[in-house]
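Trainee: I have a protein model open and I would like to learn how to read it. Could you take me through a few features, one at a time?

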Amino acid sequence: MCLTTALRPWTIYSTLTSCGFLTWKVAGAMAPLGEGSDDPVLPDLPRGPLDAARARASFPWKELALFWDGPDMLRFKKSIFSALENDPLFAHPPGSLSLEKYRELNFLRCKRVFEYDFLRVEDLLGSPQRVLALIQCLGMYDWSLATKFFLHTLTFGSAIYSSGSERHFKYLPKIFNMEIFGCFALTEVSHGSNTKAMRTTAHYDPTTEELIIHSPDFEAAKFWVGNMGKTATHAVVFAQLYTPGGRCHGLHPFVVQIRDPKTLLPMPGVMVGDIGKKLGQNGLDNGFAMFHKVRIPRQDLLNRSGDLTPEGTYVTHVKDSRQHFSESLGSLSSGRVAIAGMSVVNLKLAVSIALRFSATRRQFGPTDQEEVPVLEYPMQQWRLLPYLAAAYALDHFSKSLFLDLVELQQGLLRKDRSARQAELGREIHALASAGKPLASWTAQRGIQECREACGGHGYLAMNRLGDLRDDNDPNCTYEGDNNVLLQQTSNYLLGLLVRRDQGGARIESPLKTVDFLEAYPNILGHRFEGSSPEDCLDSSVPLAAYEWLVCYLLRESYQKLNQEKQSGSSDFEARNNCQVYCCRPLALAFLELTVVRRFHEHVHQPHVPPPLRAVLGRLSALYALWALNQHTALLYRGGYFSGEQAGKMVENAILALCAQLKDDAVALVDVIAPPDFILDSPIGRADGELYKNLWSAVLQESKVLERASWWSEFSANKPVIGSLKSKL
């Protein structure tokens, strides 16, 4: 399943402009939303029971919101949220929709998003961050909608632009006018992570100058493809390219029409359909396709890295097969960055719901007459506040990694062939390959903790935590299984050590994430020196511990790998035998260190407003210590910790930070929570009227005055049931 976010949307728009397609909105499109209205960017929140909690905050939440996102981004998000809330098409329907109705409504909403024209050409050229913001705003409303829109617009469109050439630009205006609807078909039934083993074929026939796309069997069927189930008319299909004589040139992308745009009926030779209901994101029609000798023009080979002459000669500027494979699938790495951001959004929504609930839900107390909010209990603080800190830390990391990705793409567009550009690509690949697992797993665990922390009300579907959990779940799988992806990061780190040992090369990188490893031998001699919990209340302490931990795990992985090879294992076997207790934790610890370092540097920079410094410092320290605490056994095993006091100090510091952040929790949520309409959770509404909102939602959901539809039939059969009982 692929969910790649395009790296070059602004270049697509630029291309459309240069081709004369200045206006690409669908007929009847709405004017761009005005952002200069008299409405405040950050309106006051509704009054209610949460007022008391907000009054206890140590900082002004609006000032943090402005620091975190900036006024322009806040205004942009508000324009999106307001448009959705005021449009009847986006009203939340009562009860559950059938699968077919949900997908129909999702397609209509997708069309409407096009009409709103949220992303203008000048915006994209000057602010690619808006692409990320629009994905996340739509995702906060419904990931089925966000995914459908961007799979068509950016994944499909960007694949054609980045993998094709000018002869393919004819498709771009059709994409943005919705004359065609696209999908990205890579994954097959029998192969997902091992993309090199895909079995769909494309044989070239020089007599007709056509390529013959074929699926040899069901195992080679394209599967899990978003938009393919019901609505896609065209697909970027990856297949093994064969030239006359039977030589295979590896995996290449092709534009293949799979349905008639006017009737949505399958094209001849194409068997296409929906794979059925999933655990989540059911507004998105994931589908399958099998091709029986489907002929397409030679020109529909996306030829950025390789092309065919009319006679069938394969021509490429890429001399190394590994480079060709990398170019063919290069856009996939961007999806990992997008999924990290999507996971963070899900975590933000979950902690917003759970903490607002916890600040108003009262249970027990010092006397029978006095109940206290459950957020006052240290256990509830320990369960939820580290995930709030994680939401902030990972949010900053995912945004900063996206900007790193933009820098990489700008270099590619300039045709930068420098050593730094190549190294930047490797470094970002390593960060993205571990960033997706860390973010998606943290969100997975956090959403579940939030669900449980809300008790039975968290299990009620209308409060959305179940949907968030199910919609986040695939983030652990698509764009690469998390455990498989982590091997990319550990391989990168091991390669740095090998290069240093074999050639004496310095360990450094463009983004400086690995520069500390230059002091690798010295760091291994460091030991924890804290003497009290107060010593741990700054994130610089866990930062030092993390540097030691990464060096230790790197040494252990390197030694284990060499031992395996010396014992006779092949390279394949040796690497597999190193994963569980060495390379996997190495990759995760390295990424956690990177997240901690970037967040620490962000919140300690000089231009942080003074009222925000303390609360941001506490968030940074809490995330760092909480994440580090999950590696306590390794810290003791490697000798960084000694004696029971070291572990206790970290634990006590975590509890102390939770207590210090408790009164700031609601205000911190106000910064990251969307409006009530978007959050769509009765127990998470901004006014804190927990039971009034829940009662109103229950009345709407249950239609309390209506008799059960099955009662008449049941009542008519009462005598029969009674006679059966008497016989029994």
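Mentor: Gladly! Let's begin with salt bridges: a salt bridge is a side-chain nitrogen of Lys or Arg within 4 Å of a carboxyl oxygen of Asp or Glu. Side chains of opposite charge can pair when their charged atoms come close. A search of this whole structure finds 40 salt bridges. Before we go on, note that this is a predicted model, in which local features need pLDDT of at least 70, side-chain atom pairs count only at pLDDT 80 or more, and totals for chains, interfaces and linings use all residues. Residues are numbered from 1 along each chain as its sequence is written, and side-chain values use heavy atoms, with hydrogens and water left out.

Trainee: Which residue forms a salt bridge with D307?

Mentor: The partner is R167, and the closest N and O atoms are 3.2 Å apart. To place them, you need helices (H or I, at least four residues) and strands (E, at least two), which are DSSP runs numbered from the N terminus. D307 lies in strand β10 and R167 in the loop between α8 and α9, so the pair ties together parts that are 140 residues apart in sequence.

Trainee: Are D307 and R167 buried or exposed?

Mentor: Buried means under 20% relative accessible area, exposed over 50%, and partly exposed in between (1.4 Å probe, protein chains only). D307 has 17%, so D307 is buried, while R167, with 26%, is partly exposed.

Trainee: May I see another pair?

Mentor: Look at D205 and R295, whose closest N and O atoms are 3.1 Å apart in their salt bridge. D205 belongs to strand β2 and R295 to strand β9, so this pair ties together parts 90 residues apart in sequence. D205 is buried at 14%, and R295 is partly exposed at 42%.

Trainee: Where do K399 and D395 lie?

Mentor: Both are in helix α12, 4 residues apart, which is about one turn of the helix. They form a salt bridge with closest N and O atoms 3.1 Å apart. D395 is buried, with a relative accessible area of 2%, whereas K399 is partly exposed at 23%. Both also belong to a network of salt bridges that links D69, K77, K348, D395 and K399.

Trainee: How do I read contacts that are not salt bridges?

Mentor: Contact means heavy atoms within 4.5 Å. Take Q240, found in strand β5 (residues 234-243). Leaving out residues up to four places away in sequence, Q240 touches several residues, including K196, M198 and C248. At 9% relative accessibility, Q240 counts as buried.

Trainee: Which residues does R298 touch?

Mentor: Among them are R167, Y204 and E209, again not counting residues up to four places away in sequence. R298 sits in the loop between β9 and β10 and is buried, with a relative accessible area of 11%.

Trainee: What does a record add to a model like this one?

Mentor: It can mark positions; UniProt positions are given in the numbering used here, feature names are shortened, and annotations may be inferred rather than shown by experiment. In the unreviewed UniProt entry, the annotation "active site" covers E479. E479 is in the loop between α15 (465-472) and α16, and E479 counts as buried at 6% relative accessibility.

Trainee: And which helix holds R500?

Mentor: Helix α16, residues 482-503. Beyond its neighbours within four places in sequence, R500 is in contact with A505, I507, Y520 and P521.
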